[in-house]
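The following exercises concern helix packing, sheet topology and backbone geometry. Each task is followed by a solution in steps.

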There are 2 protein chains.
Amino acid sequence: MRIQFKLVICSLVLLAVATAAAIGDDILPSWRDSAPRKAFRAFVEKVTKEGSPEFVPAPERIATFDNDGTLWAEQPMYFQFFFAMDRVKVLAPQHPEWKQKEPFASVLRGDMKGLAGAGEKGALELVAATHTDLTTEEFSKVVSEWIATARHPTTGRPFTEMVFQPMLELLAYLRANGFKIFIVSGGGIEFMGPWVEKTYGIPPEQVVGSSGKLKFEMRDGSPVRVKLPEVELIDDGPGKPAGIQSHIGRRPVAAFGNSDGDLQMLQWTTAGSGARFALIVHHDDAEREWAYDHESHIGKLDKAWDEAKARGWTVVSMKDDWVTIFPGVK
Amino acid sequence: MRIQFKLVICSLVLLAVATAAAIGDDILPSWRDSAPRKAFRAFVEKVTKEGSPEFVPAPERIATFDNDGTLWAEQPMYFQFFFAMDRVKVLAPQHPEWKQKEPFASVLRGDMKGLAGAGEKGALELVAATHTDLTTEEFSKVVSEWIATARHPTTGRPFTEMVFQPMLELLAYLRANGFKIFIVSGGGIEFMGPWVEKTYGIPPEQVVGSSGKLKFEMRDGSPVRVKLPEVELIDDGPGKPAGIQSHIGRRPVAAFGNSDGDLQMLQWTTAGSGARFALIVHHDDAEREWAYDHESHIGKLDKAWDEAKARGWTVVSMKDDWVTIFPGVK
């Protein structure tokens, strides 16, 4: 029984590989046959071709993906902040002082401008206040419930349906070619944990994110880990190559991002020897998604844009290179 | 060609699985057929049996192993300290002040008692002074060179041959049964990175360890990550369930350790629902290895011993349960 089962699995894997190799085009239907698709296909063919001078053995085929703005949308603000704001409303009865205290007061009044005025410091304060004190299991449950029910304020869609269809296809294409895929995101590791596997097919042990300190203690004879407000790693900008070091321990051969927060990851990846690949998603489709770059305070793409141009990294125009943006939306 | 190659690989995988299921006994020759072997085999059979109420799907078959004292020896002191001491000697010409300054002076005089007197604080100081300032690539090179040439002071063997043969077999047995194995060690992640894959067959992305902060910077147009003396995570004791959270993101079903530093990892693992397994290696073989437990300052086994007895965790007697300890040494 056991061996038969393995045989079936094995045949399925074989079929998947055969399909991908034979008709690779068919698993990328949301990509126009323009420069970006040609570029990543050429890279993949080169590094997977045995005997080629640029062949990369499967265990070294590490690809890292940013999440916000690269795998799913990030406007009008990072989705984790919607979660934090919803948590403020849930927790407000226990914190009467929040009515007078920024940035909480702005959240409770629904005053997005006031909230924007609190800047990054305010954002970190919101996250610290709403992501702590729970045990890791409680937090995971809260996130699971939120992600299953919350809706994006302008599209009304579940957040997990605001992922980019072409990127899902790209993940499948890389996987079919033996790549091991990691998310390397500024988002919280415990915010991503509960839903990334179902949404992207990436298991939690392949997710690198920002993390806070945890306190281990016994409650009623059972061990729990309680989330503390102190930061351990901010996995953004220069924190990304650091997170890659402590979580992956080897240099990726391909990296995918969309903003200046990904610059150092792309630099780090492409500075390795042998064939390397870097891709930046440019949000230039105001009609189907959002259009923003050099001046945006969410997902600012400025230094990384210049570097991409100078180094010949692949830049995707969402408007011109993608047939579909969100799953099921033409 | 490509598909044929995959077919061959696939057949080999199939063969490996079939072989393991049929003749599992044969891959554990260094284990006597005593209680510990019976216990972990019963656990593995239970969680891999499809249709059984305790079946665990392959992606959730996470097993975590401590390194020092569990996969390789740790006497007369943690092997990473031998590395640190050798580094002190290499770096001494650049630090004339070390001749008068503890714990460096003791190291340079070869005074192990003086060094022991500096305690844990002294040890951390040694590590900080000898593990920083280098880029991650330089450090990796230094470790690779050291591990290839250094010898254990009493056995004269390379450190990578002071691994435990029965544990290598156990890793192979678990892998053949679909387990994904992680090292979760108090040792430095960058100290382990260069040699664990070759020694244990565990890739660097499955190694959780203590880590320090890194500084990302450009040197001559190339990005480097420089090791700083500040600690990010001490992956020992309560730090182990924290490291498991940020690196693995799910609770292991089996955990293996040897000392009080592993207690919280074993508690965390066994507190999950469904079948769980915890094993402690007891160093009780003064003739073939070392004998130490409750009173030792390296690898102290005291609270974890009591907990193992109270909770029925599996305890391995190196003396009674292992035919062989080190590879090639009867």
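**Exercise 1: Sheet topology in chain A**

In S2(A), Ala63(A) has Ile181(A) as its bridge partner. The model is predicted, and local features require pLDDT of at least 70, side-chain atom pairs count only at pLDDT 80 or more, and totals for chains, interfaces and linings use all residues. Residues are numbered from 1 along each chain as its sequence is written, chains are lettered from A and ligands numbered from 1 in the order in which they are written, and side-chain values use heavy atoms, with hydrogens and water left out.

Task: determine the strand order of the sheet and identify which strands stand at the edges.

Solution.
- Step 1. Helices (H or I, at least four residues) and strands (E, at least two) are DSSP runs, numbered from the N terminus; two strands pair if DSSP finds at least two bridges between them.
- Step 2. S1(A) and strand S2 (residues 180-188) of chain A run parallel and are joined by 4 bridges.
- Step 3. The open sheet has 7 strands in the order S4-S3-S2-S1-S5-S6-S7 (chain A), and its pairing is mixed.
- Step 4. Strand S4 (222-233) and strand S7 (314-317) of chain A each have a single partner strand, so they stand at the edges with one side lacking a neighbour in the sheet.
- Step 5. Direction ignored, neighbouring strands of this sheet are turned by 30° against each other on average.

**Exercise 2: Two helix pairs in chain B**

Task: classify the crossing of H3(B) with H6(B) and that of H2(B) with H8(B).

Solution.
- Step 1. Axes are lines fitted to C-alpha atoms, for helices over the stretch in contact, and angles run from 0 to 180 degrees between N-to-C directions. Angles under 35 degrees count as roughly parallel, over 145 as roughly antiparallel, 65 to 115 as roughly perpendicular and the rest as oblique.
- Step 2. The axes of helix H3 (residues 79-91) and helix H6 (residues 119-130) of chain B come within 9 Å and cross at roughly 55°. H3(B) is therefore oblique to H6(B).
- Step 3. The contact (heavy atoms within 4.5 Å) brings residues of H3(B), including Phe81(B), Met85(B) and Leu91(B), against residues of H6(B), among them Leu126(B) and Val127(B). The contact residues comprise 9 nonpolar, 1 polar and 1 charged. Here Ala, Val, Leu, Ile, Met, Phe, Trp, Tyr, Cys and Pro count as nonpolar, Asp, Glu, Lys and Arg as charged, and the others, Gly among them, as polar.
- Step 4. For helix H2 (residues 35-48) and helix H8 (residues 165-176) of chain B, the axes come within 11 Å and cross at roughly 15°. H2(B) and H8(B) are therefore roughly parallel to each other.
- Step 5. Phe40(B), Arg41(B), Val44(B) and Glu45(B) in H2(B) meet Leu170(B), Tyr173(B) and Leu174(B) in H8(B); this contact has 5 nonpolar, no polar and 2 charged residues.

**Exercise 3: Backbone geometry in loops**

Task: locate the cis peptide bonds at Pro76(A) and Pro103(A), and state whether Asp133(A) is buried or exposed.

Solution.
- Step 1. Most residues other than glycine have a negative phi, and most peptide bonds are trans.
- Step 2. The bond between Gln75(A) and Pro76(A) is cis, with omega about -5°; Pro76(A) lies in the loop between S1 and helix H3 (79-91) of chain A.
- Step 3. A cis bond also links Glu102(A) to Pro103(A), with omega near 0°, and Pro103(A) is in the loop between H3 and helix H4 (104-109) of chain A.
- Step 4. Asp133(A), in the loop between helix H6 (119-130) and helix H7 (136-149) of chain A, has a positive phi near 75°.
- Step 5. Asp133(A) has a relative accessible area of 60% and is therefore exposed (buried is under 20%, exposed over 50%, partly exposed in between, with a 1.4 Å probe and protein chains only).
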